[in-house]
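Please work through the exercises below with the sequence and the structure open beside you. Each task is followed by a solution that goes step by step.

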Amino acid sequence: QVQLVESGGGLVQAGGSRRLSCAASGRSFSSRNMGWFRQAPGNEREFVAAIIWSGGRTYYADSVKGRFTISRDNAKNTVYLQMNSLKPEDTAVYYCAADSRAWRNTIVGVPTEFGSWGQGTQVTVSS
């Protein structure tokens, strides 16, 4: 199991930027694919972005492609989500998640793929 703690959420104006961080504890972080999901009130949790354990491949939802960037620092056990050109529809609780299996070389991007979750951090984008 990997314990995850997100930070960096808050209130931002439309068009602005925000960087989320997710700090992981446990020695298995560097072997796990990592993902970001979000959930707005009344909506299901949706995939935002993911990164392979090595950092060599990334995946994005169409709604954030070109605006968000996921990255990781395995030496610091941390994964990041840089969010630019934010829109009001990006408002949600953002969750960090770790793959339930180690060394997986593909990412599907569904919640059931991920076995460890953080508590979430609220991002609110005002218009």
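## Exercise 1: Overall fold

Buried residues, that is, residues under 20% relative accessible area (exposed being over 50% and partly exposed in between, with a 1.4 Å probe and protein chains only), make up 46% of the 127 residues in the protein. The model is a predicted one, in which local features need pLDDT of at least 70 and side-chain atom pairs count only at pLDDT 80 or more, while totals for chains, interfaces and linings use all residues. Residues are numbered from 1 along each chain as its sequence is written, and side-chain values use heavy atoms, with hydrogens and water left out.

Task: state how many helices and strands the protein has, and what its radius of gyration says when set against that of a compact globule.

Solution. Begin with the secondary structure, where helices (H or I, at least four residues) and strands (E, at least two) are DSSP runs numbered from the N terminus; the protein has zero helices and 11 strands. Next take the radius of gyration, calculated over C-alpha atoms, for which the globule rule is 2.2 Å times the number of residues to the power 0.38. A compact globule of 127 residues would have a value near 14 Å, and the protein, at 13 Å, agrees with this. Finally, the C-alpha trace spans about 40 × 25 × 25 Å along its principal axes.

## Exercise 2: Core and disulfide

Task: identify the residues with the most contacts inside the largest nonpolar core, and locate the disulfide within the strands.

Solution. A nonpolar core is a set of buried Ala, Val, Leu, Ile, Met, Phe, Trp, Tyr and Cys residues joined through side-chain atoms within 4.5 Å. The largest such core holds 35 residues, and those with the most contacts inside it are Trp-36, Val-79, Leu-81 and Tyr-94. Among the strands that each supply at least two residues of this core are β3 (18-25), β4 (32-39) and β9 (92-102).

Turn now to the disulfide, defined as a pair of cysteine sulfur atoms within 2.5 Å; a search of the whole structure finds one. Cys-22 and Cys-96 form this link, with their sulfur atoms 2.1 Å apart. The pair joins distant parts of the chain, since Cys-22 lies in strand β3 and Cys-96 in strand β9, 74 residues apart. Cys-22 is buried, at a relative accessible area of 0%, and Cys-96 is likewise buried, at 0%. With -80° about the S-S bond, the link is left-handed.

## Exercise 3: A salt-bridge network

Task: which residues are joined into one network by salt bridges that share partners, and are Arg-38 and Glu-46 buried or partly exposed?

Solution. A salt bridge places a side-chain nitrogen of Lys or Arg within 4 Å of a carboxyl oxygen of Asp or Glu, and the structure holds five of them. In one, the side chains of Glu-46 and Arg-38 meet at 2.6 Å, N to O; Arg-38 counts as buried at 6% relative accessibility, whereas Glu-46 counts as partly exposed at 35%. In another, the side chains of Arg-67 and Asp-90 meet at 2.7 Å, N to O. This second pair links distant parts of the chain, with Arg-67 in the loop between β6 (58-60) and β7, and Asp-90 in the loop between β8 and β9, 23 residues apart. Salt bridges that share partners join Arg-38, Glu-46, Arg-67 and Asp-90 into one network.
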